[in-house]
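Dear colleague,

Please find below the structure that I am handing over to you, with its sequence. My findings follow it.

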Amino acid sequence: MNTSLSWIRRYVPDLDVSASEYTDAMTLSGTKVEGYEQLDANLDKIVVGKVLTCEDHPDSDHLHVCTVDVGSGEPLQIVCGAPNVAAGLKVPVVLVGGSVAGTHSGGSSEGGIRITKGKLRGVESSGMICSIDELGSSSEFYPEAASDGIYIFPEDTEIGADAVELLGLHDSVIEYEITSNRVDCYSVIGIAREAAATFGKEFHAPVPKETGNSEDVNDYVSVDVQDTELCPRYTARVVKNVKIGPSPKWMQRCLASVGIRPINNVVDITNYIMEEYGQPMHSYDYDTIAGKKIVVRRAENGEKFVTLDGQEHELDDRMLMICDAEKPVGLAGIMGGENSMITDSCTTVLFEAANFNGTNIRLTSKRLGSQTDASQKFDKGLDPNNAMEAMNRACELMEEFGAGEVVGGAIDVYPVKREPIELPFEPEKMNKLLGIEVSEEQMLAYFEKIDLGFDPERRVVIVPTFRQDLLRTCDLAEEVARFYGYDNIPVTLPKGSATAGGIGFDLRIRKMAQEMAEDCGFSQGYCYSFESPKVFDRLCLAEDAPERQGIVIRNPLGPDFSVMRTLSLNGMLTSLATNYNRRNKNVRLYEIGNVYLAKSLPLNELPDERLKFTLGMFGDGDFFDMKGAVELFLEKIGMKKRPSYETTELRPYFHPGRQAQIGYEGTAIGEIGEIHPDVMKNYGLGERTYVAVLDLKSIIPFASFDWKYEGLAKYPAVTRDLSMIVPKNVTNAEIIEVIEQRGGKILESCRLFDIYEGAPILPGFKSMAYSMTFRHKEKTLEDAEIQSAMKKILNGLEGLNIELRS
């Protein structure tokens, strides 16, 4: 957002500060200034002169020898090369010792170009006659200036007057960094209000006077808003007997100061209102409006429309259009149509000042690749109560300039009016929050300066609709702090009780997972949360698998990143395959990341985000190494009971005979297995690959970091080994469960130390050997106690058709 200091002074006439002082004070009061440009920084000793005589240079075919009256008494002789110089013209003249900002071609020089007395092809020259480019501007912003020649003042211009002043260049352009919640400061009026409050000056906002003849605008045009959600307010007025011409110099200078090229009075007025009020307007040639009717509707899919810049756009039903009875005439909030543009032959103008849904304008602008000054303001979310005031101001200027006759009345479609909000006035709370002591009267004085109202009976602050950033008491406290002065707030220590630092329980679980994995030789990896739908086929998932119900990204980076992942397996296998293809050996990776499970599709609530701890490896190591890593992690986080391993649900991406679902106290907490050969082929893996996936969300309720320590055993342990013939379908977990149940309190530990299949073991059986340790905490065990426990264990194992190996 840019404004000139002179434009601000139109509303704050008592503002008498330099650009530097203005910049510092505005920044301290919360309206951050990025910097400023002094338009006359390199302009010195430039006055209005009258060319008395103009003769050809004796030694040049393009130079002229001029005598110029600059009001000093004695005319100056100046050699000039401009093609449009002639006797009788009033022109800007740089005196000897003065300086200009740049060259005729538009180039600039730091510090300006100093003018000295000298000779041009043997003829003495005392000064320089300037073009507008040499004064640091261009004919783009001074339409009356010659594009290739000197600048010419009107005939009645006073000789010797300050040419820089007459051109409006004794000014500074201020650049602001406005946050998106301060929509009011995207207007010159909003900035001026802040400046008046900052410097304690009176703020004079423009008050449009009533305009219009005795006619009724409803006899000229009607308006039908079909989508009030996308267009909360639409206002329109008509101006007839329009005379297209240049706008006044003061308006041209205001527009040029913010980088807008003056065009004609009608267009300049709409641009001026957009900057003054922050309310974009549009003007239509009334004679091009079919049926004398405006219809605000959504576009049709595939509908085509040509905008003012000559570009054809293909639209869809998410975009809002301004139409007449037959055709579109404008792209709402972005740009008007080529078919309704203002031309020099226009005699009647239809003015539009509307309020459009900011989000819709931003998305439409992005889809069409067409961003304009209007769309940039609309997408911030403008105040609908500003529209009619801006409209009336535009009509006032039309009458003031003699540019047309305003038809009486106005059309205003505004079904749901936005009302000011009320906030409780709590000075004690605000003082406590800020750590200062400001009286109620002073706070109310601050609020009055920025047009906040106050109801003393109900003790509420009334926030006008243009201040969309004030929503709660802390926002009011910020307003107090801004004008009290942040630099005046004393330095104090924070109040409150001391608390012990540390990380949360969930983060401790994650940290333990990282430490365990890295201790076991795993390296951490990060995988994308966005994946391709083709992943499900690579993992050999069934067509009706629930994992295929991925959440589709509305605006993906590409087809390979178009769905949110429902499994962490693809990222891990892709990373392992990359390492395998780089000929890395013995690779171990882990990842801690979310998967996203939709509760229903299409989405009507947030998905279930489940944190997964995924381990993957190939090379040295097998299924049991991976199983050991899983059990080590569970032990580290205090899950002391033995996990179960079930094969009731087979996963298609795991080898059918080398996979298991991991359970704990009846709850599924993960899965482990060797990757299926078909899946390995899909990923380009040439070695047996093992993966374990743990659901941390399911694990956390069982985890604990409360450890109980026991003293060293006082009594000796007794070890017994069992070697058994076991049916092949009986698992180690079933045997361990029987041994632990039957062993009683004296069983300290039990572990499998040997497993064997083959001759002389009969087919359908396997040999398994276990070592059991017995110990009593309060005495030395007797042989009878151990034998009794062993007998109970053997009786239990017989129920599994297990026999002792002879």
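**Aromatic pairs**

Phenylalanine 425 counts as buried, because its relative accessibility is 5% and the cut-off for buried is under 20%. Please bear in mind that this is a predicted model. The structure holds 19 aromatic pairs, and two of them are described here.

In one pair, the ring centres of tryptophan 250 and tyrosine 272 are 5.5 Å apart; the planes stand at 85 degrees, so the arrangement is edge-to-face. Tryptophan 250 belongs to helix H5 (residues 249–257) and tyrosine 272 to helix H6 (residues 265–277), so this pair ties together parts that are 22 residues apart in sequence. The two partners can also be described by their accessibility: tryptophan 250 is partly exposed, at 26% relative accessibility, whereas tyrosine 272 is buried, at 0%.

Phenylalanine 425 pairs with phenylalanine 447, again edge-to-face, with 6.3 Å from centre to centre and 80 degrees between the planes. Phenylalanine 425 sits in the loop between strand S24 (421–424) and helix H10 (427–434), and phenylalanine 447 in helix H11 (residues 440–449), so here too the pair ties together parts that are 22 residues apart in sequence. Phenylalanine 447 is buried, with a relative accessible area of 1%.

Tryptophan 250 and tyrosine 272 also belong to one aromatic cluster, together with Trp7 and Phe401.

**Helix packing**

The helices that carry tryptophan 250 and tyrosine 272 pack against each other. The axes of H5 and H6 come within 10 Å and cross at roughly 50 degrees. H5 and H6 are therefore oblique to each other, since that angle lies outside the ranges for roughly parallel, under 35 degrees, and roughly perpendicular, 65 to 115. The crossing of H5 past H6 is left-handed. On the H5 side the contact involves Trp250, Met251, Cys254 and Leu255, and on the H6 side Asp268, Ile269, Asn271 and Tyr272. By class, the residues of this contact are six nonpolar, one polar and one charged.

A further packing concerns helix H13 (residues 505–519) and helix H16 (residues 623–636), whose axes lie 10 Å apart at an angle of about 140 degrees. That angle makes H13 oblique to H16, because roughly antiparallel would require an angle over 145. H13 passes H16 in a right-handed crossing. Ile509, Met512, Ala513 and Met516 of H13 meet Ala629, Leu632, Phe633 and Lys636 of H16. The residues of the contact of H13 with H16 comprise seven nonpolar, no polar and one charged.

**Two individual residues**

Aspartate 625 is placed in helix H16. Its relative accessibility of 40% means that aspartate 625 counts as partly exposed. Apart from residues up to four places away in sequence, aspartate 625 touches Arg588 and Met617. The C-alpha atom of aspartate 625 is separated by 76 Å from that of alanine 41, which is 584 residues apart from aspartate 625 along the chain.

Asparagine 386 is found in the loop between helix H8 (373–378) and helix H9 (387–400). Is asparagine 386 buried or exposed? With a relative accessible area of 18%, asparagine 386 is buried, since the cut-off is under 20%. Neighbours within four places in sequence aside, asparagine 386 is in contact with Tyr277 and Gln279.

With kind regards

How values were computed: Residues numbered from 1 in each chain as written. Predicted model: local features only at pLDDT ≥ 70, side-chain atom pairs only at ≥ 80, totals over all residues. Heavy atoms only, no water. Axes fitted to C-alpha atoms, helices over the stretch in contact; angles between N-to-C directions. Helix = DSSP H or I, 4+ residues; strand = E, 2+ residues; numbered from the N terminus. Left-handed = near helix turned anticlockwise from the far one by under 90°. Contact = heavy atoms within 4.5 Å. Nonpolar A, V, L, I, M, F, W, Y, C, P; charged D, E, K, R; others polar. Buried < 20%, exposed > 50% of the residue type's maximum accessible area, 1.4 Å probe, protein only. Phe/Tyr/Trp six-rings, centres within 6.5 Å; stacked < 30°, edge-to-face > 60°.
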